[in-house]
Amino acid sequence: MPERRTVALVTLGCARNEVDSEELAGRLEADGWQLVEDAEDADVAVVNTCGFVEAAKKDSVDALLEANDLKGHGRTQAVVAVGCMAERYGKELAEALPEADGVLGFDDYADISDRLQTILNGGIHASHTPRDRRKLLPISPAERQESAADVALPGHGPVDLPDGLAPASGPRAPLRRRLDGSPVASVKLASGCDRRCSFCAIPSFRGSFISRRPSDVLNETRWLAEQGVKEIMLVSENNTSYGKDLGDIRLLETLLPELADIDGLERVRVSYLQPAEMRPGLIDVLTSTPKVAPYFDLSFQHSAPDVLRSMRRFGDTDRFLELLDTIRSKAPQAGVRSNFIVGFPGETEADLAELERFLNGARLDAIGVFGYSDEEGTEAATYDKKLDQDVVDKRLAHISRLAEELVSQRAEERVGETVHVLVESVDSEDGAYGRGEHQAPETDGQVLLTSGEGLSVGRIVEAKVVGTEGVDLVAEPLLGSLACSEEAGR
């Protein structure tokens, strides 16, 4: 019997990329490939790249070069780039980085096994030719679903699989293979974006917005719950637009309670929300539905009106603060995070002061700050009034220091609160680590439980916050919660 082909998937970037990697893993395993964790143990190393900002691109190139260094020193024979950077640059990336044996775009995902086999055999597969993916679907959202079958949409894989790859119980699994044993998994709610923010290139290589059908989202989530997943995070470029191409812009409000009712699932989290599209009904569902985390990942980006208009966005400091007041009037312990760009072309000292006013009043749990840089192909790259790099760097350092101080203060406000912690790791000496409802994976800090006794990964534990370590919380498990946890494990 010939030795089985092996492949390792190295994933960079956001949770959407993680879903795409698990779809690729499902396709490859279905065609007989053996998935291995380390690139040095694989015949082919597939690097799922990120093409969002310069730092992410550099990380992607570094990962490709690191994988290439394995060739000739172990099993690795080929290195292949996929993902957003490969989709965005295609042939240009292949020419600039000859160390990559293949550069594959989204259109290659359905035939990923054949593509890798060709490359492994020493053949050449033509590098991806980039195109504006916004032009692949009709302009009208209502007309897109009929055309979706002809467009590659990573993470929207079919529900049916060959026998043997789905659990015996429940619905057929989506075309997906889990790459770790984490109790948390992301689920694609939609792909693409119809917004035209002047600084963002994502729509050009991810395409126009298109929703997954609710049945596919539900079936995939049921399958994940059967695999032991306790929390799902719904991801897309803009979850607040979900359903608009299915004829119901309020579809998320009806889908969330159905997801929360799935057996075995303990928490549903929604990410990537646009402040300008927040609806009273969506706020109500996010703040009142059992098992749905009152968590708001709101893309503010700035709060000064002139900067927001230049970004082709909406809102201002007072309207954003009013939105946060509305959320907290319904769920006082709700978690809120956001990202901000400083040094945008034309940003004045007064604009920066307005952003500071918002940050000081917003009481955000997590804050990401980025210095503006031109992204090729974007409207903002053509703007006049660019700020000198040293000015951008100075403002970035200033707002980053303020953000660090503010999120630490917000964490201290939570001392005395009772939090429900999803346990993600347990150490007999150091206790257990997990996340509360207000904390998303990897971005928003974590909770250190002072005792790990009686706990296991995947349990929800009620605990009282007794201290902080920066943005992180320190909490004592409540005795009743531990008793329930031990009973649930029997």
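A polar contact is a pair of N or O atoms within 3.5 Å; within protein, one must be able to donate a hydrogen and the other to accept it, and residues adjacent in sequence count only if both atoms are side-chain atoms. The model is predicted, so local features need pLDDT of at least 70 and side-chain atom pairs pLDDT 80 or more, while totals for chains, interfaces and linings use all residues. Residues are numbered from 1 along each chain as its sequence is written, and side-chain values use heavy atoms, with hydrogens and water left out.

**View 1. Surroundings of S113 in helix α5.** Helix α5 (a DSSP run of H or I, at least four residues) spans residues 112-120 and includes S113. S113 is buried (under 20% relative accessible area, 1.4 Å probe, protein chains only) because its relative accessibility is 7%. Its side chain makes a polar contact of 2.9 Å with the side chain of W33. Beyond neighbours within four places in sequence, S113 is in contact (heavy atoms within 4.5 Å) with R5, L28, D31 and W33.

**View 2. Strand β17 and its partners.** Strands (DSSP runs of E, at least two residues) pair if DSSP finds at least two bridges between them. β17 (residues 460-469) pairs antiparallel with β14 (residues 418-427) over five bridges, and T418 stands opposite K464. Six bridges join β17 to β18 (residues 472-477), also in the antiparallel sense; among the partners are G467 and V474.

**View 3. The hairpin turn.** Two residues separate β17 from β18 in this hairpin. In the turn, G470 has a positive phi of about 70 degrees.

Technical notes:
Buried < 20%, exposed > 50% of the residue type's maximum accessible area, 1.4 Å probe, protein only.
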